[in-house]
Number of protein chains: 6
Amino acid sequence: MAHQFGIHSGYFHPVLRKWQQSDTGITPANLMYPIFISYDPDAEEEIGSMPGVKRWGVNKIAGHLKPLVASGLQSILIFGVADDSTKDEAGSVADNPNKSPVIPAIKLIRQTFPDLLIACDICLCTWTTHGHCGIITGESQGIDVEKSAERLAEIAVNFAKAGCHVVAPSDMMDGRILAIKKGLKTANLLTKVSVLSYSAKFSSCLYGPFRDAAKSAAKFGNREAYQLPVGSAGLAEKAVDRDVQEGADMLMVKPGIYYLDVIRNVKQKHPSYPLFAYQVSGEYSSIILGAKNGLFGLEAAIIESMTCFRRAGTDVVISYFTPKILDMIKSGEI
Amino acid sequence: MAHQFGIHSGYFHPVLRKWQQSDTGITPANLMYPIFISYDPDAEEEIGSMPGVKRWGVNKIAGHLKPLVASGLQSILIFGVADDSTKDEAGSVADNPNKSPVIPAIKLIRQTFPDLLIACDICLCTWTTHGHCGIITGESQGIDVEKSAERLAEIAVNFAKAGCHVVAPSDMMDGRILAIKKGLKTANLLTKVSVLSYSAKFSSCLYGPFRDAAKSAAKFGNREAYQLPVGSAGLAEKAVDRDVQEGADMLMVKPGIYYLDVIRNVKQKHPSYPLFAYQVSGEYSSIILGAKNGLFGLEAAIIESMTCFRRAGTDVVISYFTPKILDMIKSGEI
Amino acid sequence: MAHQFGIHSGYFHPVLRKWQQSDTGITPANLMYPIFISYDPDAEEEIGSMPGVKRWGVNKIAGHLKPLVASGLQSILIFGVADDSTKDEAGSVADNPNKSPVIPAIKLIRQTFPDLLIACDICLCTWTTHGHCGIITGESQGIDVEKSAERLAEIAVNFAKAGCHVVAPSDMMDGRILAIKKGLKTANLLTKVSVLSYSAKFSSCLYGPFRDAAKSAAKFGNREAYQLPVGSAGLAEKAVDRDVQEGADMLMVKPGIYYLDVIRNVKQKHPSYPLFAYQVSGEYSSIILGAKNGLFGLEAAIIESMTCFRRAGTDVVISYFTPKILDMIKSGEI
Amino acid sequence: MAHQFGIHSGYFHPVLRKWQQSDTGITPANLMYPIFISYDPDAEEEIGSMPGVKRWGVNKIAGHLKPLVASGLQSILIFGVADDSTKDEAGSVADNPNKSPVIPAIKLIRQTFPDLLIACDICLCTWTTHGHCGIITGESQGIDVEKSAERLAEIAVNFAKAGCHVVAPSDMMDGRILAIKKGLKTANLLTKVSVLSYSAKFSSCLYGPFRDAAKSAAKFGNREAYQLPVGSAGLAEKAVDRDVQEGADMLMVKPGIYYLDVIRNVKQKHPSYPLFAYQVSGEYSSIILGAKNGLFGLEAAIIESMTCFRRAGTDVVISYFTPKILDMIKSGEI
Amino acid sequence: MAHQFGIHSGYFHPVLRKWQQSDTGITPANLMYPIFISYDPDAEEEIGSMPGVKRWGVNKIAGHLKPLVASGLQSILIFGVADDSTKDEAGSVADNPNKSPVIPAIKLIRQTFPDLLIACDICLCTWTTHGHCGIITGESQGIDVEKSAERLAEIAVNFAKAGCHVVAPSDMMDGRILAIKKGLKTANLLTKVSVLSYSAKFSSCLYGPFRDAAKSAAKFGNREAYQLPVGSAGLAEKAVDRDVQEGADMLMVKPGIYYLDVIRNVKQKHPSYPLFAYQVSGEYSSIILGAKNGLFGLEAAIIESMTCFRRAGTDVVISYFTPKILDMIKSGEI
Amino acid sequence: MAHQFGIHSGYFHPVLRKWQQSDTGITPANLMYPIFISYDPDAEEEIGSMPGVKRWGVNKIAGHLKPLVASGLQSILIFGVADDSTKDEAGSVADNPNKSPVIPAIKLIRQTFPDLLIACDICLCTWTTHGHCGIITGESQGIDVEKSAERLAEIAVNFAKAGCHVVAPSDMMDGRILAIKKGLKTANLLTKVSVLSYSAKFSSCLYGPFRDAAKSAAKFGNREAYQLPVGSAGLAEKAVDRDVQEGADMLMVKPGIYYLDVIRNVKQKHPSYPLFAYQVSGEYSSIILGAKNGLFGLEAAIIESMTCFRRAGTDVVISYFTPKILDMIKSGEI
Ligand SMILES: [Zn+2]
Ligand SMILES: [Zn+2]
Ligand SMILES: [Zn+2]
Ligand SMILES: [Zn+2]
Ligand SMILES: [Zn+2]
Ligand SMILES: [Zn+2]
């Protein structure tokens with residue numbers, strides 16, 4: 001035996017193990033909780049394909065968040081869900097002061113939970129009749145990238161004025177980070193609002209259940225023109241670099257587990273940017289389904305997935321399991 | 001708009017896209033097919049937790065492989081399944097010339113399919129009464145690392161003499177690669193047999209169905225003493241480095257998707273070593289289950305998972321989906 | 001012998017060698033063919049210092065390209081050669097719709113070979129009386145960088161309007177990529193034309209024969225003010241970074257073999273950009289000369305040079321050997 | 001103003017700052033406390049050049065450590081101080097069961113503070129008449145590297161048998177890590193004792209006060225033959241690689257602040273090894289002297305130095321300020 | 001002994017040592033000398049906390065520099081010291097043609113020593129009543145970043161017009177490099193003046209004596225809002241990247257020794273930028289104090305510090321020891 | 001124009017250019033001169049395919065070297081050329097004290113030029129009847145790697161005893177560095193002789209003229225079994241790592257210019273090892289031929305090639321141009 005190649009002598013004592021272990025712990029600071037705010041102010045609706053996740057009305061959301069904040073919840077990510085009858089081509093309901101479900105929710109949550117960091121998803125698909133993430137233009141029914149960026153910036157500024165701390169554009173258009181930064185500067189909010197960019201968002205098969213939840217499926221065509229091809233590490237790197245050059249404050253990779261190598265790449269190239277991973281609906285529901293069918297234990301699978309995210313370089317995981325994980329932390333299971 | 005930050009002008013023409021795309025294609029050369037060889041020479045048994053996977057007897061295996069080889073199959077990974085009555089403390093049945101199911105299977109397959117690359121898993125858990133991956137010793141019932149490495153080397157040499165091209169130790173003991181290399185040298189097989197090391201094998205919750213398949217669950221204790229903790233990128237790096245220093249020819253990360261960042265790390269640090277990923281039983285069964293329950297399409301999920309493996313730096317994926325993927329390649333779906 | 005240090009056990013079997021070999025193959029997709037288009041529409045002139053290379057007139061070029069396209073040619077790089085009598089200070093003949101040899105050539109080739117990717121070199125030296133790569137200004141007879149960039153953008157836009165897919169500025173002035181991108185945007189061609197930047201072009205002794213071919217030698221001074229000093233890896237990195245920041249879609253290193261380390265550096269820092277190397281006239285003629293004098297075999301030297309380019313990280317080699325290599329591929333020599 | 005280049009929007013909120021800050025905190029786990037054990041069992045001697053540091057006798061040491069352990073002290077590093085009359089050429093007093101001050105100290109401390117991790121410096125200079133770190137040999141009065149390594153291994157094994165968890169050879173001879181590992185293996189202590197190597201120890205001008213403390217100045221010649229030249233990053237890398245190849249479990253750079261770039265290099269190349277930095281006597285005394293003379297505040301300088309160590313990649317700082325820092329942690333100053 | 005792990009055979013011969021040693025030599029080209037120019041044209045004032053450093057009047061400075069230039073001095077860094085009675089909110093004395101001490105000093109030095117490279121520190125703190133590095137604004141008494149950048153650009157242009165080759169902004173505001181570059185372009189000085197950015201300037205405890213020297217202590221608040229937190233490697237990287245994107249020609253880390261790892265990081269990420277380190281007043285005075293108190297020899301400590309700067313990747317050290325080091329070079333001590 | 005992207009402001013002044021330029025100078029320390037020592041003690045024979053290079057007898061060599069040493073020559077690399085009649089299967093003439101041309105040459109040169117560093121090539125091909133680089137064995141006429149390594153070690157030790165400082169094995173067998181180190185240790189020369197490994201020696205078409213010079217062409221078969229395939233960056237990395245693990249003191253890449261990316265890789269991975277490049281006979285003769293045919297100037301091509309070697313990371317170039325370059329240095333052309 002070549003005794004110099006062994007690895008066991010490095011971690012036989014508790015103090016040694018502390019020194020050996022890199023930082024892959026899971027604390028409330030490593031979690032962001034996505035919530036769906038319905039146009040119906042009294043809603044509390046189950047979502048069939050995502051067991052345990054609901055759409056909440058503005059009158060119900062504080063009640064839902066209160067025990068979570070008590071358990072240590074530090075940040076949320078708001079998605080609006082629009083009434084179909086209010087949708088139009090430009091998604092004007094998004095920031096309509098009277099009809100948007102997001103704006104009153106921001107105000108209420110900021111007032112009720114002053115220490116909670118509020119992030120808002122910024123996209124058009126949830127607010128438009130066509131269900132695409134940008135403004136559709138001309139005969140080709142293609143996306144007008146510049147007009148889309150302008151519209152996204154408008155929404156971002158209005159959500160920021162309502163009180164959110166972070167805006168998170170999920171559309172993947174060229175130039176939207178820069179447009180949002182310009183908008184925030186004009187509104188004198190440049191240094192009081194962070195931009196969390198969905199920088200490397202792939203055209204994955206794992207988004208199905210979410211589109212149920214947000215009622216945001218595209219009515220025609222698909223999103224492959226603006227989301228990234230799953231195999232392209234190169235375009236992912238270019239997309240992240242683009243967002244860094246345009247001024248993003250924080251970066252995201254989406255989906256999560258299938259893209260851990262991309263997470264690793266982004267953290268390695270941009271170590272000074274807080275990095276988010278979105279554990280998407282298909283990942284969430286797969287774990288629940290596997291546990292129900294005896295492939296593995298639910299808690300074991302949640303812990304293994306969260307630990308893997310942290311090991312790969314994720315600072316914050318956006319996860320529907322957040323309430324369950326806060327419980328597990330409180331009970332000492334994690 | 002900051003027109004210099006756009007990424008679209010780089011891939012509007014087919015020739016440009018060829019230049020842009022990094023190599024993430026899936027060909028038969030990127031697949032290794034794991035097969036279970038039963039002690040019962042006429043077996044063809046379904047495995048409940050892994051739909052579509054069977055244990056094959058030596059009399060049946062050629063019939064199963066023939067159409068796959070015709071479809072382009074290039075390499076297999078053999079696991080033996082022992083009759084409980086033949087197991088003992090040292091796993092002596094493994095390479096018993098009269099009782100081992102593996103040795104006749106190697107001989108038959110090498111003769112029947114002379115171009116097929118034959119790899120054999122080398123471990124003790126499937127052959128021992130206690131179900132652990134090494135020789136148990138003394139009162140503490142701990143593993144004797146040196147004796148285990150010697151025994152593994154014996155088995156490896158005997159499988160090599162029977163005609164396999166690659167031996168693949170999956171036990172994670174310090175020093176076993178070196179012991180196997182010494183054994184092969186003594187047998188004058190050093191340059192005619194490759195060692196594929198299970199270098200970074202994590203203590204994951206995703207192995208459940210496999211233990212059914214190989215009848216290899218541990219009878220007491222667990223494997224945490226020799227498998228890696230899921231969060232430890234550091235120990236994974238040390239384990240891979242150890243195997244490289246001991247002389248491994250090829251490296252593996254196991255399980256797969258949850259460890260893509262580790263795959264990325266290993267490829268980055270050891271670019272000159274062919275890298276394998278094992279898409280383990282829990283991953284396989286999760287995809288089948290998710291597809292059955294409408295979370296995503298089966299083919300879409302298989303393609304996305306395989307593409308992700310390749311993007312992260314995997315050269316060869318060990319996958320139970322191999323027969324299905326060979327079909328998809330033939331039909332042009334991939 | 002330290003048997004763990006041996007490397008032979010890793011590649012004794014054909015499947016193992018497939019796994020071991022990194023991708024250094026040479027296919028038609030890895031080649032771009034440079035052609036000289038003469039102002040004389042019927043030209044077919046030999047170039048003394050570059051045996052086997054000719055200046056072609058627009059009436060002859062399709063006949064020359066036809067068998068090459070049939071052999072798999074995928075992309076060309078067009079250089080114009082001007083009649084001395086048409087040259088002026090600003091190189092206005094370059095894109096003069098009546099006098100430029102390039103514009104009719106683009107139109108003809110695009111029409112005749114619709115799948116062929118057409119790239120055009122963009123510079124001033126071939127079109128100006130002084131033979132420099134920019135607009136000369138003031139008493140100091142120095143280059144006016146901004147005016148030069150504007151003029152190059154004009155030419156690029158006009159070549160793009162004529163139908164080329166890629167414009168390739170070879171002048172090395174600060175700011176010309178940005179100017180070209182602005183021009184293309186105004187012309188609404190931003191996403192339909194790629195910019196291939198001669199990013200790291202060194203002031204080498206290997207360009208002699210080319211200046212014969214393109215009739216582009218400088219009439220006074222030299223190009224050291226804008227080309228890079230041969231030893232400066234640092235300025236090469238800054239020049240490439242500048243082009244990436246200005247929006248280049250693809251990058252180039254020129255000359256080739258003497259700069260393989262620079263190619264390696266560029267690929268390592270910008271892995272998501274397709275990378276070109278120009279095997280320049282001095283390299284081409286040296287190989288022909290060495291083979292004629294028995295230093296090595298012609299085919300052996302071509303294959304070794306191309307393989308070295310690919311190993312260093314080159315995606316596409318711009319080579320005068322393209323016709324010969326297409327033949328070698330067809331005949332199975334490569 | 002180029003608003004996309006600003007960095008302030010990334011850290012205006014406390015939760016954002018948590019995300020932004022990399023892990024440079026200082027906890028008791030990041031500290032190792034060096035102590036001098038005198039041959040005089042009742043010693044409690046001040047050391048003139050190191051205000052606040054004392055040599056302790058075995059009868060006094062538990063009293064000194066008790067309040068520190070109560071404040072969270074997790075590990076110590078023991079240096080022995082020998083009576084001149086007991087020194088000889090081979091340093092035999094080091095592990096003489098009757099005369100060594102270290103062996104009874106280890107036993108006592110292990111028994112009194114069972115959770116405290118005990119590390120022991122292993123060198124010869126403190127025990128030999130000549131004051132060199134190895135065995136002097138022949139006419140040239142040079143060091144016999146092999147004999148030195150054997151003697152160091154003997155001492156290491158005897159200290160390990162007395163109960164220390166970590167042995168820390170500080171001599172810088174080739175081959176001593178391997179010799180120690182072999183000795184530990186023979187003693188069946190291989191997996192129960194860690195080796196912390198003084199891997200990159202430079203020939204610095206900052207050791208003066210320590211030699212007072214340990215009474216270990218060389219009687220002739222100097223240590224430049226075995227310590228590293230201060231400018232040689234290359235030899236430092238080779239020395240660390242050597243120790244990793246010989247089997248070291250943990251690595252050290254010494255001195256500290258002047259070598260932060262070396263610390264960075266070591267952490268980058270060997271991220272899976274816990275990394276120690278020794279804030280040596282000259283650094284310690286400089287901070288005390290500067291504070292006394294009004295250049296800076298004492299606490300401010302201690303915090304800045306410790307934070308810099310952590311930022312550079314140090315896991316554990318060996319510091320004479322440990323008692324003061326434990327106090328500062330307890331009082332919330334850190 | 002594992003003879004293959006030894007490192008001594010690599011450097012036993014003088015030619016081998018030449019090959020082994022990386023370039024850490026100290027020549028006059030590696031030094032920049034900071035000088036304080038007083039408003040009093042005849043000043044030659046000692047600075048108590050920095051033994052050996054003086055404030056010089058314009059009538060005395062040439063006499064001081066003459067022997068240094070003769071000893072090889074190649075570059076200086078000028079700091080102005082203002083009469084309190086001339087300070088105002090905007091620091092208008094800085095570039096007031098009649099009152100600024102800097103402008104006549106530049107003119108005189110350029111004329112007297114035509115080969116000496118002249119750099120000027122650009123900041124507001126030394127010229128303003130409030131002592132902050134920017135323009136104070138509004139009720140919050142915060143810094144107006146844009147106005148500050150404009151004012152700094154004005155000063156930079158005026159110093160450049162007076163004849164300095166390099167301007168060195170030390171304020172750490174977002175956007176000031178870009179503003180200075182714009183100003184220089186308008187003044188047609190873009191390619192005749194370099195910008196040396198204080199890119200990573202930390203909020204350190206080591207600046208005390210300097211503030212005496214430059215009479216620039218802040219009258220209220222502190223500089224933590226614009227200087228970097230000592231532990232933040234991430235923000236340091238972002239700050240440097242920001243300056244590179246804004247067009248800086250050269251980079252600086254300040255203070256020096258405590259930040260060698262940051263120096264290493266910057267050189268690694270931006271190898272093509274000349275890198276400066278500022279050995280600040282607290283470092284300078286600590287070395288003098290330690291030597292006076294017998295901790296180490298003065299020359300030994302100077303050489304070790306300079307060698308460490310060079311090893312970490314520093315191209316040029318800004319050091320108050322410059323005159324002494326020039327002497328040591330001349331006498332062959334270095 | 002985006003003025004922040006310009007690169008010219010960084011190098012307009014001589015002092016700035018000094019700071020900007022990385023170290024690519026060419027001094028005598030960067031050159032090693034290969035010489036052929038003939039079995040005929042009075043030889044001075046021209047070699048047809050390498051104009052200007054001769055085989056020297058031991059009685060003539062001092063006369064040839066004297067003016068070169070006077071011009072600054074610091075190191076040589078000796079190749080022996082054997083009389084065919086003295087060759088046998090084991091190359092026993094190599095170190096035969098009475099017949100080897102190398103041993104008397106070493107003794108003479110060491111005595112005549114005591115400061116000159118003497119390196120000796122170690123291989124079998126020049127001494128054996130079959131012309132292969134190892135011991136041929138058995139019916140397969142393959143190479144016995146272990147016996148070859150033993151024989152090479154014998155020769156190395158005997159050359160070392162004769163007085164050479166460096167032995168340079170050029171055979172590419174696994175295990176020969178380790179065998180040589182063992183031999184040197186037994187001879188008590190371990191720390192007095194360096195091993196310069198031909199680590200990455202490719203199977204190139206550029207060696208033709210050398211085989212004339214050394215009369216070392218293989219009589220049957222070829223060297224592809226032990227030299228590296230030209231495209232395999234991966235095997236090159238493994239081969240270098242193998243030599244580092246076996247204890248090599250210095251590394252080499254061969255041939256040169258076509259392998260600059262490999263040079264870059266080796267320097268990047270092993271920065272602490274002095275790196276050599278061999279500008280082989282085919283490169284040498286190509287430059288002479290190109291210059292004679294007017295493709296470029298001879299001096300320009302020599303300087304460009306040497307500068308490129310240095311830029312890529314070469315510390316020492318082994319070049320037949322050494323005498324000419326020493327002249328160029330002396331005359332100030334370089
Ligand atoms: Zn959307
Ligand atoms: Zn097992
Ligand atoms: Zn040109
Ligand atoms: Zn010592
Ligand atoms: Zn200031
Ligand atoms: Zn040979």
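## Close-up views of a predicted model

**View 1. The zinc site of chain A has donors spaced C-x1-C-x7-C in sequence, the pattern for the zinc ion (ligand 1).** Please keep in mind that the model is predicted. Three cysteines hold the ion here: A:Cys123, A:Cys125 and A:Cys133 each coordinate the zinc ion (ligand 1) through SG, at 2.2 to 2.4 Å. Both A:Cys125 and A:Cys133 are buried.

**View 2. In chain E, the zinc ion (ligand 5) has its protein donors in E:Cys123, E:Cys125 and E:Cys133.** The donor atom of each is SG, and the distances run from 2.3 to 2.4 Å. Along the chain, the donors of this zinc ion (ligand 5) follow the spacing C-x1-C-x7-C. How buried are the cysteines here? E:Cys125 has a relative accessible area of 11%, so it counts as buried, under the 20% cut-off. E:Cys133 is buried as well, with a relative accessibility of 1%.

**View 3. A turn of 180 degrees lays chain D on chain E.** The fit has an RMSD of 0.0 Å, with a shift of 0.0 Å along the axis. The two copies are therefore related as by a two-fold rotation axis. Which C-alpha of chain D is nearest the axis? That of D:Asp261, at 2.0 Å from it.

**View 4. Chain D and chain E bury about 5200 Å² between them.** Of this area, 63% is on carbon and sulfur atoms. Chain D brings 55 residues to the contact and chain E brings 56 residues. Because 100% of the interface residues of chain D are also interface residues in chain E, the copies meet through the same surface.

**View 5. Polar pairs and salt bridges link chain D to chain E.** The count is 17 residue pairs in polar contact, both residues at pLDDT 80 or more. Two salt bridges are found across the interface. In one of them, the side chains of D:Arg311 and E:Asp261 come together at 2.6 Å, N to O. On the side of chain D that touches chain E, at least two residues each come from helix H7 (233-246), helix H8 (260-269), helix H9 (281-292) and helix H10 (298-312). H10(D) gives the largest share of that side, with eight residues.

**View 6. Two pairs of chains have no contact: chain B with chain E, and chain A with chain F.** For chain B and chain E, the nearest C-alpha atoms are 13 Å apart. For chain A and chain F, the closest C-alpha atoms also lie 13 Å apart.

Definitions and conventions: Residues are numbered from 1 along each chain as its sequence is written. Chains are lettered from A and ligands numbered from 1 in the order in which they are written. This is a predicted model: local features need pLDDT of at least 70, side-chain atom pairs count only at pLDDT 80 or more; totals for chains, interfaces and linings use all residues. Side-chain values use heavy atoms; hydrogens and water are left out. Copies are superposed by least squares on the C-alpha atoms of residues with pLDDT of at least 70 in both. Contact means heavy atoms within 4.5 Å. Donors are N, O and S atoms within 2.8 Å of the metal (3.2 Å for Na, K and Ca); water is not among the atoms, so sites may look incomplete. Buried means under 20% relative accessible area, exposed over 50%, partly exposed in between (1.4 Å probe, protein chains only). Buried area is the accessible area (1.4 Å probe) that two parts lose on being put together, summed over both. A salt bridge is a side-chain nitrogen of Lys or Arg within 4 Å of a carboxyl oxygen of Asp or Glu. A polar contact is a pair of N or O atoms within 3.5 Å; within protein, one must be able to donate a hydrogen and the other to accept it, and residues adjacent in sequence count only if both atoms are side-chain atoms. Helices (H or I, at least four residues) and strands (E, at least two) are DSSP runs, numbered from the N terminus.
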